[in-house]
Amino acid sequence: VDTRPDMLRTVTSLLPRASSVSRAGFVLAQRKAHTLSFEEAQKGELTKLNLFLAINNAMQTAMETDDKAVVFGEDVAFGGVFRCSTDLQERFGTDRVFNTPLSEQGIIGFAIGMAALGHTPIAEIQFADYIFPAIDQICNEAAKYRYRSGGTFDVGGLTIRTPCGAVGHGGHYHSQSPEAYFCHTAGLKVVIPRSASQAKGLLLASIRCPDPVVFFEPKILYRSNVEMVPAADYEIPLGKAEVVKQGNDITLIGYGTIVHTLLQAATKIEEEMGASVEVIDLRTLLPWDVETCTNSVSKTGRCVVVHEASHTCGLGAEIVATVQDRCFLSLEAPAKRVCGVDTPFPLVHERFFIPDLLRTYEAIKETLNY
């Protein structure tokens, strides 16, 4: 290390300006100044948006309220392959919205450096299938930055957006759901929305979170999911699941696209079997809302967990293990999982890989009849 006084002054000037404490204070100030709860925002102006436009609106809101917010990734300058960043460069300039080389490790390494210096990088990985070259930067660097410095430095301004999941024709390199890899890493938050209005509120909460967040976006919902989305600046709290449908006889737990399948299955079960079905959307996968899920299962006595990701070591395994541990005396049947198959993601056989309405229905029926 060069110990000359002038060099030390230069190095010191480049050290992170935002400690974990100051970053948290900044986040609280931003929320107090600008944001509403989802319930409050719904009382105001609403705009019809699909999910990718809601993502775009959230990034625009973040950049308007935080002049240190920056968006970058492969092809984001013209709007990105899914158009999520459309018109952002025209609005905020080339210094705040710009393309990067095709290097996922480089994108995240650069984002970590920016966040460490007090900026708010919103980095896009074009497909979740290609996030793996950056897994060292995410799991060994971003996730541990605050811990290894004893709370002196942090990269809490870092948000990593990436499209995930099946889309009908993506094959094995454009269809994967790799969320479980990151749910195993302390220091990260992992989020997946189910709809446009949820996506805006969860993304704004992620961007302003004092921890690095991996934000997965189900790409099949980008255009297919359309809602009336509040125009206001609002946040949906991270770490809190939502009971999207109340019930008494069985609990269904899922996240992202699968929540829509669960609601369809719940309707079919209620019509054909007369059972009362509760449906929970996790929304945040790390940390996942243990209390909401276990309280529900203690009430209903039955539980089915569904996700697109492969069966072995998927997040469903953690949920089922926790349910068995905390709700054992309340269970009327073993907790069950319905998941993707333990194979590489297939192209022509995609419909056999992902949990569909029929597989989910059969699992619920089997659990109810146990």
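**Figure 1. Asp75 and Arg83 in the loop between S3 and H5.** In this predicted model, Asp75 is found in the loop between S3 and H5. Its phi is near 70°, a positive value in a residue other than glycine. The relative accessibility of Asp75 is 31%, so this residue counts as partly exposed. Arg83 is likewise found in the loop between S3 and H5. Although Arg83 is not a glycine, it has a positive phi of about 70°. With a relative accessible area of 27%, Arg83 is partly exposed, because the partly exposed class runs from 20% to 50%.

**Figure 2. The aromatic pair of Phe82 and Tyr222.** A search of the whole structure finds 11 aromatic pairs. In the pair shown here, the ring centres of Phe82 and Tyr222 are 5.0 Å apart. Their planes stand at 35°, so the pair is tilted; this class covers angles that are neither under 30 degrees nor over 60. Phe82 lies in the loop between strand S3 (69-73) and helix H5 (88-92), whereas Tyr222 belongs to helix H11 (residues 221-224). The pair therefore ties together parts that are 140 residues apart in sequence. Both Phe82 and Tyr222 are buried.

**Figure 3. The aromatic pair of Phe182 and Phe216.** A pair of aromatic rings is described by the distance of the centres and the angle of the planes. For Phe182 and Phe216, these values are 6.1 Å centre to centre and 50° between the planes, and the pair is tilted. Phe182 is in helix H9 (residues 179-183) and Phe216 in strand S8 (residues 213-218). The two residues are 34 residues apart, and their pair links distant parts of the chain. Phe182 is buried, as is Phe216.

**Figure 4. A cluster of aromatic rings.** Phe82, Phe127, Tyr130, Tyr173 and Tyr222 are linked into a cluster by ring pairs. Among the members of this cluster are Phe82 and Tyr222, both of which are buried.

**Figure 5. Lys268 and the ring of Tyr361.** Which ring lies beneath the charged end of Lys268? The charged end of Lys268 sits over the ring of Tyr361. The distance from this charged end to the centre of the ring is 5.2 Å.

**Figure 6. The cis peptide bond between Leu286 and Pro287.** Leu286 and Pro287 are joined by a cis peptide bond. The omega angle of this bond is about -5°. Pro287 has its place in the loop between strand S14 (284-286) and helix H13 (290-300).

Methods
Residues are numbered from 1 along each chain as its sequence is written. This is a predicted model: local features need pLDDT of at least 70, side-chain atom pairs count only at pLDDT 80 or more; totals for chains, interfaces and linings use all residues. Side-chain values use heavy atoms; hydrogens and water are left out. Rings of Phe, Tyr and Trp (its six-membered ring) pair if their centres lie within 6.5 Å; planes under 30 degrees apart count as stacked, over 60 as edge-to-face and the rest as tilted. Helices (H or I, at least four residues) and strands (E, at least two) are DSSP runs, numbered from the N terminus. Buried means under 20% relative accessible area, exposed over 50%, partly exposed in between (1.4 Å probe, protein chains only). A charge sits over a ring if NZ of Lys or CZ of Arg is within 6 Å of the ring centre and within 35 degrees of the ring normal.
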